[in-house]
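Visitor: Could you take me through the salt bridges in this model, with a close look at one of them and at how its two partners sit in the fold? I would like to see the others afterwards for context.

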Amino acid sequence: MKTPKRIQPLIEEGLIDEVMRQLMSGKEATVYVVRCGDDVRCAKVYKEANERSFHQAVAYQEGRRVKNSRQARAMEKGTRYGRKMAEEVWQNAEVDALYKLAAAGVRVPVPYICFEGVLLMELITAADGNAAPRLNDVELTRELALAYHADLLHQVVLMLCAGVIHGDLSEYNILVDAQGPVIIDLPQAIDAAGSSVAADMLDRDVSNLANFFGIVVPELLTTQYGKEIWSLYKAGLLTPDTPLTGVVATPVHEADVGAVIREIALAREEEEERQRRLSEAQS
């Protein structure tokens, strides 16, 4: 096929030998199958900011930092140079997350290089050698749904133990190869310790999994794995081997009767004082 303009620099640099075909086009990038010597890989070409339907919301950028103060100021002011730097931070976030998660044992594609807005990485394949299907396209039995759900919960825990939350996890950005689910699409990855919305993002990711697999296994719809995982993480008790139940106990607080009585007395005194002042004003 004709070489996309954004991939041409990688061909000129000898990083890619041939663009074989387009694999998929999503809200943030278009992915191509490419040949690099004897290896078949994929090239993820990020769309320009004005072409993406997935915008860089503040919630996803929170906690991300650049070392260069000039770049940080430019990004804050939204100058042309700042927008360019913001795009690089956005793209590098996925590369950084992939390396960190792969080292933590999470099943993600192996990244090779990010060059000129193109991420070159491993092509995830099915048992037949073709590109692996998305989870959304896999026919599930109850047993397989339970197995995949448990596997993905473990992946989410591994990610959080590495300080990362996917932030947009769903059946559309999970591939399934011969060994099971592989998590993809991480440019919106969140720093668990640096984001004020980390708990909500984690809970949404986990709820998305429950809602998808709950079609086949309805009892998953009432589980609270997201809240349980976050509670263990905040308490410093989460490890890759921590057993999960999906149940979160409702907090029980004893009523502070003394405080209630004091509030009533204070309100009574304030009302008596108000009536006294009103009486004095009328006399």
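Guide: Let's start at E219, which is partly exposed at 39% relative accessibility. This is a predicted model, so please read each value here as computed from it. The partner of E219 is R142, and their side chains meet in a salt bridge with an N to O distance of 2.3 Å. R142 sits in helix 5 (residues 142-161), while E219 belongs to the loop between helix 6 (198-213) and helix 7 (225-234), so this pair ties together parts of the chain that are 77 residues apart in sequence. R142 is partly exposed as well, with a relative accessible area of 36%. The cut-offs help here: partly exposed covers the range between under 20%, which is buried, and over 50%, which is exposed. Because 36% falls between those two limits, R142 belongs in the partly exposed class.

Now for the other bridges. The count for the model comes to 9 salt bridges, and one of them joins R35 and E18, whose side chains approach to 3.2 Å, N to O. R35 is in strand 2 (residues 29-36) and E18 in strand 1 (residues 18-25), so that bridge ties together parts 17 residues apart in sequence. Here too the partners are partly exposed: R35 has 31% relative accessibility, and E18 has a relative accessible area of 36%.

A buried setting turns up at the bridge between E94 and K44, where the closest N and O atoms are 3.0 Å apart. E94 lies in helix 4 (residues 80-103) and K44 in strand 3 (residues 39-46), which makes this a link between distant parts of the chain, 50 residues apart. E94 has a relative accessible area of 1%, and K44 is at 2%. Both values are under 20%, so E94 and K44 count as buried. The two also belong to a network of salt bridges that includes E28 and D185.

To place these pairs in the whole chain, picture a fold with 8 helices and 9 strands. Of its 283 residues, 40% are buried, with E94 and K44 among them. Contacts across the sequence are a feature of the chain in general: among those with a separation of 6 or more, 58% come from residues 24 or more positions apart. As for the outside, the chain exposes about 16000 Å², and carbon and sulfur atoms supply 51% of that area.

Terms used
Residues numbered from 1 in each chain as written. Predicted model: local features only at pLDDT ≥ 70, side-chain atom pairs only at ≥ 80, totals over all residues. Heavy atoms only, no water. Salt bridge = Lys/Arg side-chain N within 4 Å of Asp/Glu carboxyl O. Helix = DSSP H or I, 4+ residues; strand = E, 2+ residues; numbered from the N terminus. Buried < 20%, exposed > 50% of the residue type's maximum accessible area, 1.4 Å probe, protein only. Contact = heavy atoms within 4.5 Å. Areas by Shrake-Rupley, 256 points an atom, 1.4 Å probe, with all protein chains shown as cover.
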